[in-house]
Amino acid sequence: MGGITVPEVEDYLYSMLPPRDEVLSEMEADAAKNDVPIVGPAVARVLYQLAIISGAKKIFEMGSAIGYSTIWWARAVGEGGRVIYTDGDPKNAEKARRYFDRAEIGKRITIRVGDALEFLSEEKEPFDIIFNDVDKTDYPRVFRLALPHLKGGGLFITDNVLWSGKLRKPNPDAQTKAILEFNKLISGSPDLFTTILPIRDGISVCVKK
Ligand SMILES: C[S@@+](CC[C@H](N)C(=O)[O-])C[C@H]1O[C@@H](n2cnc3c(N)ncnc32)[C@H](O)[C@@H]1O
């Protein structure tokens, strides 16, 4: 858990979540056991909601690891929707592929192994949602790259923008500095309508005007 809210509130929020199916539960256990930093069910539900409310059909995910958030996106886009999975680690991708098959949504997902920023820059058609969960030092670069690849009215969503509450601490490290810069960019951009939701480790939701 990201733990930016007080523990009692955090515990309460998680106690209210409905149980997940077998595949997602197994992925949550896998992530906990192997230290894979997935968004977890509370944030995943927000992502799912945002996708269905906005009617998203085409989603680009930057940083997918074992595919936990990807499965939530794939379920939200429904039949005929497309989700691009990206991760730099082929072992993650192999594991994700097995989970996608078991969840029976593999046909909606394109798996790309390598640099998510490079893959996005090659895309010609704009996306309904771009989800950013790559290395934090790349966040400012992702901001600059992502916007032209998003439809008007599309969503640019980013995880970990409250960075375990470290943003106001003295002597920020490189990751913290990058997130501080990123948050300024999304909040100050005239092209975006931005909110930061303090759930788990903080997610930013930006609508492209
Ligand atoms: C926080 S995890 C992603 C978790 C996933 N979004 C979820 O919630 O289930 C970040 C992943 O991004 C990958 N990654 C980091 N920078 C990347 C990049 N530039 N291109 C592709 N993958 C990247 C890492 O290998 C890692 O598996």
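**Briefing: the ligand shell and helices α4 and α5**

Two helices, α4 (68-77) and α6 (116-122), each supply at least two residues of the shell around the ligand. The model is predicted. The points below cover the ligand and its surroundings, then helix α4, helix α5 and leucine 192.

**The ligand and its shell**

- There are 19 residues around the ligand, and those that come nearest are Val39, Gly63, Asp87, Ala116 and Asp133.
- By residue type, the shell around the ligand is made up of 9 nonpolar, 6 polar and 4 charged residues.
- Glycine 63 places a polar backbone atom 2.9 Å from a nitrogen atom of the ligand.
- For glycine 88, a backbone N or O atom is found 3.1 Å from a nitrogen atom of the ligand.
- Glycine 114 likewise has a backbone N or O atom 3.4 Å from a nitrogen atom of the ligand.
- The ligand taken alone exposes 600 Å², and 86% of that is buried by the protein.

**Helix α4**

- Helix α4, which contributes to the ligand shell, is largely enclosed by the rest of the structure, because 9 of its 10 residues are buried.
- The buried residues of α4 are Tyr68, Ser69, Thr70, Ile71, Trp72, Trp73, Ala74, Ala76 and Val77.
- Buried here stands for a relative accessible area under 20%.
- Glycine 78 comes just after α4 and takes a positive phi of about 70°.

**Helix α5**

- Helix α5 covers residues 90-103, and at 1.5 Å a residue its 14 residues should span 20 Å.
- The end C-alpha atoms of α5 are 20 Å apart, which agrees with that expected span.
- Asn92, Ala93, Ala96, Tyr99, Phe100 and Ala103 are buried in α5.
- These buried residues cover an arc of only 125° around the axis, so they sit on the same side of α5.
- Pro90, Lys91, Arg98 and Asp101 are exposed, and they lie on the other side of α5.

**Leucine 192**

- Leucine 192 belongs to strand β6, which comprises residues 192-197.
- With a relative accessible area of 5%, leucine 192 falls under the 20% cut-off and is therefore buried.
- Alanine 93 is one of the buried residues of α5.
- Between leucine 192 and alanine 93 there are 32 Å in space, C-alpha to C-alpha, and the two are 99 residues apart in sequence.

Definitions and conventions:
Residues are numbered from 1 along each chain as its sequence is written. This is a predicted model: local features need pLDDT of at least 70, side-chain atom pairs count only at pLDDT 80 or more; totals for chains, interfaces and linings use all residues. Side-chain values use heavy atoms; hydrogens and water are left out. A residue is near a molecule or strand if one of its heavy atoms lies within 4 Å of it. A polar contact is a pair of N or O atoms within 3.5 Å; within protein, one must be able to donate a hydrogen and the other to accept it, and residues adjacent in sequence count only if both atoms are side-chain atoms. Accessible areas come from the Shrake-Rupley method with a 1.4 Å probe; for residues, only the protein chains shown count as cover. Helices (H or I, at least four residues) and strands (E, at least two) are DSSP runs, numbered from the N terminus. Ala, Val, Leu, Ile, Met, Phe, Trp, Tyr, Cys and Pro count as nonpolar, Asp, Glu, Lys and Arg as charged, and the others, Gly among them, as polar. The expected span of a helix is 1.5 Å times one less than its number of residues. Buried means under 20% relative accessible area, exposed over 50%, partly exposed in between (1.4 Å probe, protein chains only). The arc is that of the directions from the helix axis to the C-beta atoms.
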